[in-house]
2 protein chains.
Amino acid sequence: MENAIDNLIEKIKEKNNPTVIGLDPRYEMIPECIRNKYSKDIEGAANAALEFNKALIDEVSDIIPAVKPQVAFYEMLGIPGIKAFNETCKYAKQKGMIVIADMKRGDIGTTAEAYSKAAIGKTMVGEIEQSIFDVEFVTVNPYLGTDGIKPFVEDSKKYGKGIFVLVKTSNKSSGELQDLVTEDGEKIYVKVAKLVNEWGKDLIGKYGYSSISAVVGATYPKELEELRKVMPSAYFLIPGYGAQGGKAEDIALGFDKNGLRRNCKCFKKLNVCI
Amino acid sequence: MENAIDNLIEKIKEKNNPTVIGLDPRYEMIPECIRNKYSKDIEGAANAALEFNKALIDEVSDIIPAVKPQVAFYEMLGIPGIKAFNETCKYAKQKGMIVIADMKRGDIGTTAEAYSKAAIGKTMVGEIEQSIFDVEFVTVNPYLGTDGIKPFVEDSKKYGKGIFVLVKTSNKSSGELQDLVTEDGEKIYVKVAKLVNEWGKDLIGKYGYSSISAVVGATYPKELEELRKVMPSAYFLIPGYGAQGGKAEDIALGFDKNGLRRNCKCFKKLNVCI
């Protein structure tokens with residue numbers, strides 16, 4: 001079985017670039033020349049988003065290893081939006097890019113199983129097994145604990161996929177819960193980081209990283225450094241770079257000696273970096 | 001502007017029943033006579049799910065006030081599944097039921113806005129504003145703090161909708177994070193409960209409850225009692241009743257003197273109760 005994080009690392013080495021491009025198609029940000037080709041409704045907006053995404057992918061697929069479509073921006077366009085999300089994922093894969101679906105799913109065990117099937121696993125109907133979105137990685141929310149994450153870990157093992165668990169997020173109010181200090185002196189995000197370490201133990205690939213990895217915001221450089229030590233085998237997906245205020249020197253702290261830090265400065269306009 | 005929780009309470013009074021029916025269509029649980037009408041693939045499974053849901057809604061809409069479709073079970077059927085989810089929500093509304101979409105969404109501010117638009121708000125494309133799933137309530141995850149919840153609160157105000165925030169979930173490992181005790185002696189779920197109280201202050205309706213309310217698992221009766229005191233204005237969505245092991249006497253502790261406790265025992269086979 002393939003190991004998803006090995007594949008990602010190899011793609012990063014091949015492109016000599018640790019950046020992932022976020023594909024969050026906001027209608028008002030899509031060039032007018034594309035928007036004007038389509039109807040002014042959710043169907044047209046979804047088609048414009050897909051065309052724009054394809055154009056972006058065409059431009060960057062030889063220099064950037066991965067895309068991260070944020071499903072919320074497709075969901076807000078209803079069924080046509082979800083179709084555009086699905087087509088975007090397919091197109092990026094065709095162009096040899098790794099797809100990290102930013103879905104932040106999380107639920108109790110049986111429901112998490114269903115979410116996992118949709119993103120990285122397969123759905124069985126009668127005797128037929130079908131892939132749904134079939135992305136390489138999906139982001140997940142840890143608030144429900146181990147049994148909400150386990151199905152994703154199982155599917156990662158079974159299908160050579162992976163997850164990024166929210167540990168410390170890039171937004172301003174992330175500290176309200178994530179920074180709370182427990183009675184033994186550890187912060188909540190450290191507790192989550194330790195769980196991520198546990199969950200990922202069986203999926204460490206040949207480069208020493210696990211396919212069960214972590215989201216740690218670029219906007220919190222001190223925490224990045226701390227979490228690098230707590231989760232030595234976790235690969236970090238570091239959102240918050242660029243539009244959200246994270247700088248290249250902040251991100252550097254999240255990389256260890258194997259990290260390809262040197263190219264980060266090239267992509268200041270992109271909102272996400274690994 | 002209408003108040004969503006008032007509408008729900010009035011519907012509960014009208015039916016004299018505080019139960020919500022979960023619509024989590026697992027293929028293997030759908031009667032064979034329905035399954036056999038359709039192809040054995042995700043398209044057929046989605047059609048079977050929709051037919052089954054409609055039949056259930058037809059049966060219960062005169063005695064049960066609300067449905068709670070769990071979107072994961074539709075998402076695992078891909079685009080046809082999301083269509084079935086959308087049609088299920090529409091059909092339940094046509095039949096006069098309140099729809100609580102169990103989506104457990106949560107993200108940073110701008111992304112939470114997009115999720116909120118999809119579920120309870122509206123999407124603007126050019127000068128046209130369109131509803132997407134247009135449900136009355138959506139469940140949300142609090143791990144990202146206030147700015148991940150605020151957009152849902154704003155849309156609740158603007159469109160007369162509401163949310164149920166995960167406070168204490170019904171699954172076995174929910175305690176791994178939710179039960180951690182902070183240095184000031186309070187558990188994480190109590191911290192979340194206090195935030196829910198804050199978030200809901202401006203949306204308290206005529207019955208004293210807020211449209212910004214809480215999910216508290218029936219499988220944790222002691223916590224239900226405790227949280228009833230911490231969130232006096234929160235209406236409780238109490239999953240875990242039935243299949244997950246929660247009993248009527250456990251749930252009773254989550255109701256206050258205004259709660260319509262007496263009918264709970266009638267619906268032992270349903271997996272969710274409010």
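Mentor: Angles under 35 degrees between helix axes count as roughly parallel, and with that cut-off in hand we can look at this predicted model.

Trainee: How are α3(A) and α5(A) oriented to each other, roughly parallel or roughly perpendicular?

Mentor: Helix α3 (residues 42-60) of chain A packs with helix α5 (residues 78-94) of chain A at an angle of about 15°, their axes being 8 Å apart. Since angles under 35 degrees fall into that class, α3(A) and α5(A) are therefore roughly parallel.

Trainee: Which class of residue, nonpolar, polar or charged, has 9 members in the contact of α3(A) with α5(A)?

Mentor: On the α3(A) side the contact includes Ile42(A), Ala46(A), Leu50(A) and Ile57(A), and these meet a set in α5(A) that includes Pro80(A), Ala84(A) and Tyr91(A). By class, the contact has 4 charged and 4 polar residues, and the class with 9 is nonpolar.

Trainee: Turning to chain B, how many of the 13 residues of α9(B) are buried?

Mentor: Helix α9 (residues 188-200) of chain B should span 18 Å at 1.5 Å a residue, which agrees with its end C-alpha atoms being 18 Å apart. Among the buried residues are Ile188(B), Val192(B), Leu195(B) and Trp199(B). The helix is largely enclosed by the rest of the structure, because the number of buried residues is 10.

Trainee: Which helix of chain B gives the most to the side that touches chain A?

Mentor: The contact between the chains takes 59 residues from chain B and 59 residues from chain A. The residues on the side of chain B divide into 26 nonpolar, 21 polar and 12 charged. With 6 residues, the helix that gives the most to that side is α6 (residues 109-119) of chain B.

Note on methods
Residues are numbered from 1 along each chain as its sequence is written. Chains are lettered from A and ligands numbered from 1 in the order in which they are written. This is a predicted model: local features need pLDDT of at least 70, side-chain atom pairs count only at pLDDT 80 or more; totals for chains, interfaces and linings use all residues. Two residues are in contact if their C-beta atoms, placed from the backbone, lie within 7 Å. Helices (H or I, at least four residues) and strands (E, at least two) are DSSP runs, numbered from the N terminus. Ala, Val, Leu, Ile, Met, Phe, Trp, Tyr, Cys and Pro count as nonpolar, Asp, Glu, Lys and Arg as charged, and the others, Gly among them, as polar. The expected span of a helix is 1.5 Å times one less than its number of residues. A residue is buried if 20 or more other C-beta atoms lie within 10 Å of its own, exposed if 12 or fewer, and partly exposed in between; C-beta atoms are placed from the backbone. Axes are lines fitted to C-alpha atoms, for helices over the stretch in contact, and angles run from 0 to 180 degrees between N-to-C directions. Angles under 35 degrees count as roughly parallel, over 145 as roughly antiparallel, 65 to 115 as roughly perpendicular and the rest as oblique.
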